[in-house]
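Open the model in your viewer and keep the selection tool ready. This tour moves from one selection to the next and says what is there.

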Amino acid sequence: MASSGEEPRSGSPGWAGTGTEPAPTADGAQLDTAEDFEVLEEEEEEEDLSELPPLENVGRPPAPPREDTRPLEQGWGDAAEDPQEWLDVLGSGLLKKKTLVPGRGVDTRPCKGQDVTIRLKATLEDGSVVEENPALTFTLGDCDVLQALDLCVQLLEMGETALIVSDAKYCYGTQGRSPDVPPNAALTLEVELLAARDAPDLELLSGKEKVELANRKRERGNFFYQQADYVLAINSYDIALKVIGSSSKVDFSPDEEAELLDVKVKCLNNLAASQLKLDHYEAALKSCNLVLEHQPGNIKALFRKGKVLAQQGEYREAIPILKAALKLEPSNKTIHAELSKLVKKHADQKNVETEMYRKMLGNPSAAGVPGKCKDKLPWSIPWKWLFGATAIALGGVALSVVIAARN
């Protein structure tokens, strides 16, 4: 389970339990520019991926590259200058770990799938503190937090305090985190492992607990989607769907069942959007169809299904689906534009096919036949046929006469 407190929103939860609200557009709706889809007005609690704000570059220059010989944080003393004390976690020099306070032994290290609690302090290269959390809890290995934490916390011993120096690639990448983390910013993380315990049994979770857990996984997927990391986004949505689809030994109320279905639909819609970004058309089509099984009038699923079919060149199937979406939302300009584009492509496709069939059947268009040939063509074939038929008939008569004479 993630850390307690206010449930994170779908803006950009860099750590478990933190995030920012999506910025509304001028007309009050929110646009998913990554999907080029104008989303309908929805209730405030609706946090579908299609409501994510446009991806914007933070208006700061990239942080200068880190020099290996530069002290990473004041107060490290001589130990910071000794490269032997640093563990190169990935062998690339982009993620390093150093023990400050030893733990209780290797056998106390946490395992993937466990819920761990850490004390965290994160700073930029200039020493600016961008995050402090005395008790951050997350599921290890589920990508609930920065990759730097997910990769390094499993190397910590219980009670150990360590310093982690991470390249931007394993933190906030090229996007950064507005307003405090610039794009391409390396981070220094001071981490203490406080506790580790087995994750709760999904079968014993109440309906409310299941909804909250699935929503946290979904929101993490939204964060990765904003970062254009569609593989990790798909991973988070898959985890959320597994939580929702797991068997239960607890009875849920009708309201809880409805909430779980709502989260499931959101996850499937967001999953389809991520799969589309990776050109996984068959998988995206399956996700859209699963949404439409529950909600046949879901406009986002209809729109994305139409886009999937269009990408596969199936314009004949895509057009009626987009028409159905447009019928549900006649004022949607994006669906209008997509439908118009597909109708034109379909017409062009039919023209190409018609011309191809003409050539295959040896029936060239009238424009390609000379005038003299056009005059002779209707008569030449019947006269040749008549001449051949006459010759065959005469031959048959002659053969009959010869046979009769011999008899």
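**First stop: Asn 298**

Select Asn 298: this residue is buried, with a relative accessible area of 11%. Buried means under 20% relative accessible area, exposed means over 50%, and partly exposed lies in between, with a 1.4 Å probe and protein chains only. This is a predicted model, where local features need pLDDT of at least 70, side-chain atom pairs count only at pLDDT 80 or more, and totals for chains, interfaces and linings use all residues. Residues are numbered from 1 along each chain as its sequence is written, and side-chain values use heavy atoms, with hydrogens and water left out.

Asn 298 sits in the loop between helix 5 (281–294) and helix 6 (299–311). Helices (H or I, at least four residues) and strands (E, at least two) are DSSP runs, numbered from the N terminus. Now show the side chain of Asn 298. A polar contact of 3.2 Å links it to the side chain of Asn 269. The side chain of Asn 298 also reaches the backbone nitrogen of Lys 300 at 3.2 Å. A polar contact is a pair of N or O atoms within 3.5 Å; within protein, one must be able to donate a hydrogen and the other to accept it, and residues adjacent in sequence count only if both atoms are side-chain atoms.

Which residues does Asn 298 touch, not counting residues up to four places away in sequence? They are Val 265, Asn 269, Val 291 and Leu 292. Contact means heavy atoms within 4.5 Å.

**Next: residues 299–332**

Select residues 299–332. The UniProt record, an unreviewed entry, annotates them as "repeat: TPR". UniProt positions are given in the numbering used here, feature names are shortened, and annotations may be inferred rather than shown by experiment. The span is 79% helix and 0% strand, and its end C-alpha atoms lie 10 Å apart.

Now pick helix 7 (residues 315–328). At 1.5 Å a residue, its 14 residues should span 20 Å, and its end C-alpha atoms are 20 Å apart, which agrees. The expected span is 1.5 Å times one less than the number of residues. Color the buried residues of helix 7: Tyr 315, Ala 318, Ile 319, Ile 321, Leu 322, Ala 325 and Leu 326.

**On to helix 2**

Select helix 2 (residues 207–226). Is it enclosed or open? Of its 20 residues, 17 are buried, so helix 2 is largely enclosed by the rest of the structure. Its expected span is 28 Å; the end C-alpha atoms are 29 Å apart, which agrees. Step just past helix 2 to Ala 228, which takes a positive phi of about 65°.

**The open sheet**

Show the strands. Six of them form an open sheet in the order 3-4-7-8-5-6, with antiparallel pairing. The edge strands, strand 3 (87–88) and strand 6 (129–139), each pair on one side only. Two strands pair if DSSP finds at least two bridges between them.

Pick strand 5 (residues 114–123). It runs antiparallel to strand 8 (residues 187–198), joined by 10 bridges. Look for Thr 123 with its bridge partner Thr 188, then Lys 121 with Glu 190. Strand 5 also joins strand 6 through eight bridges, again antiparallel. There, Ala 122 has Glu 131 as its bridge partner. The hairpin of strand 5 and strand 6 has five residues between the strands, and in it Gly 127 takes a positive phi near 95°.

Move to strand 7 (residues 161–166). Six bridges join it to strand 8, running antiparallel. Ala 162 has Val 191 in strand 8 as its bridge partner.

**Into the core**

Stay on Val 191. Leaving aside neighbours within four places in sequence, its contacts include Ile 118, Leu 149, Val 153 and Ile 164. Val 191 is also among the residues with the most contacts inside the largest nonpolar core, which has 77 residues. Helix 3 (residues 230–245) gives the largest share of this core, nine residues. A nonpolar core is a set of buried Ala, Val, Leu, Ile, Met, Phe, Trp, Tyr and Cys residues joined through side-chain atoms within 4.5 Å.

**Last stop: Gly 103**

Select Gly 103, in the loop between strand 4 (95–101) and strand 5. At 26% relative accessibility, Gly 103 counts as partly exposed. Add Glu 160: the two C-alpha atoms are separated by 3.9 Å, though the residues are 57 apart along the chain.
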